[in-house]
Amino acid sequence: MKRQRPGIPTQHVLAAYRQVLSDWPVPNESHHLATRAGSTFVVSCGPEHGPALVLLHGTLSNAASWMFDAERWSEYYRVHAVDIIGEPGLSEGTQPALDSDAHAQWLDDVLDALGVESAAFVGLSFGGFLALDYALRRPARVNALVLVSPSGIGRQRAFLLKALPLLLLGRWGRERLRRAVMGPAPLHAPARAQPLLDLLALIRAEVRPRPLRIPRISDERLAALHPPAALVMGARDALIDAPAAAERMKRLVPTADVTLLADAYHYIPGLREDILARLRQLQNLQHE
């Protein structure tokens with residue numbers, strides 16, 4: 001049997017994903033947008049003429065990971081949760097080079113197809129790198145930027161080398177990896193979140209991770225960051241040297257709102273209200 005290309009979802013994953021999308025907690029519209037990188041899937045919710053907010057998820061994930069955040073944020077924004085190309089969602093499996101303008105061109109096409117001139121961006125992990133890269137390449141199209149555990153600022157740890165032996169150990173190994181990245185599992189997850197948690201577990205079990213080498217953004221480029229920005233990272237991040245990343249951001253972008261949480265991992269739960277507050281504060285700064 002031909003092995004699935006890294007990052008590409010199985011039919012089993014796609015079926016589960018569509019089922020989770022059918023339970024999106026607020027009224028929404030889904031789009032399959034034509035871009036130069038191929039068809040791109042986006043879920044949009046919130047007031048049609050509200051300020052635009054674009055959400056970019058991490059690797060081995062998709063737009064569904066934002067569904068409960070979008071429920072809250074769509075009270076204030078027209079939220080667009082994007083399936084990143086090349087990841088296990090409903091967008092094209094295209095995986096352009098990360099050290100090029102290709103992803104910025106793709107996001108140009110996404111915003112143009114949505115009729116969005118500029119937007120606030122929230123990016124998580126790999127999505128944080130893409131959001132930051134876009135803000136640096138297209139500053140006029142980003143009016144606020146919240147980065148959660150983003151790649152590209154701090155040194156990327158050699159996590160995959162440690163992960164490969166554990167991936168050979170089945171469910172036990174996958175659970176060890178999950179804990180290293182996400183921290184201890186919550187004792188009582190809300191019942192309505194269980195289908196989403198099951199989907200993410202299925203992706204980890206069935207989708208081969210992409211061996212991503214995220215380019216480290218140069219001092220010169222990072223210092224030129226123009227849109228108001230906030231950075232939130234966990235000091236126990238297994239994928240990124242978060243303390244060094246936070247210090248580098250403070251030094252090169254002194255206007256940025258930087259928070260390093262001592263006991264947090266790469267995945268940081270409970271940020272819904274915090275991110276909303278940061279977005280509104282950053283956009284107030286943009287208009288001063």
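**Two cores and a helix crossing**

Leaving aside residues up to four places away in sequence, Leu132 touches Leu145, Leu147, Ile153, Ile217, Leu222 and Leu225. The model is a predicted one, and Leu132 is a handy way into its largest nonpolar core. That core has 48 residues, and Leu132 is among the members that touch the most others, along with Leu56, Phe121, Leu145, Leu225 and Met249. As for where the core residues come from, two or more are supplied by each of β3 (52–56), α3 (102–114), β5 (119–124), α4 (126–137), β6 (142–148), β7 (229–234) and α9 (242–252). The largest share belongs to α4, which puts in 8 residues. There is also a second core, separate from this one, with 44 residues, including Tyr77, Ile203, Ile268 and Leu279.

Back to α4 and its partner α3. The axes of these two helices come within 9 Å and cross at roughly 85 degrees, so α3 sits roughly perpendicular to α4. On the α3 side, the contact is made by His103, Ala104, Leu107, Asp108 and Leu111, which meet Leu130, Tyr134 and Arg137 of α4. By type, the residues of this contact split into 5 nonpolar, 1 polar and 2 charged.

Zooming out, the protein has 10 helices and 8 strands, and 54% of its 288 residues count as buried. Among contacts with a separation of 6 or more, 77% link residues 24 or more positions apart. The accessible surface comes to about 13,600 Å², with 54% of that area belonging to carbon and sulfur atoms.

Definitions and conventions: Residues are numbered from 1 along each chain as its sequence is written. This is a predicted model: local features need pLDDT of at least 70, side-chain atom pairs count only at pLDDT 80 or more; totals for chains, interfaces and linings use all residues. Side-chain values use heavy atoms; hydrogens and water are left out. Helices (H or I, at least four residues) and strands (E, at least two) are DSSP runs, numbered from the N terminus. Buried means under 20% relative accessible area, exposed over 50%, partly exposed in between (1.4 Å probe, protein chains only). Contact means heavy atoms within 4.5 Å. Accessible areas come from the Shrake-Rupley method with a 1.4 Å probe; for residues, only the protein chains shown count as cover. A nonpolar core is a set of buried Ala, Val, Leu, Ile, Met, Phe, Trp, Tyr and Cys residues joined through side-chain atoms within 4.5 Å. Axes are lines fitted to C-alpha atoms, for helices over the stretch in contact, and angles run from 0 to 180 degrees between N-to-C directions. Angles under 35 degrees count as roughly parallel, over 145 as roughly antiparallel, 65 to 115 as roughly perpendicular and the rest as oblique. Ala, Val, Leu, Ile, Met, Phe, Trp, Tyr, Cys and Pro count as nonpolar, Asp, Glu, Lys and Arg as charged, and the others, Gly among them, as polar.
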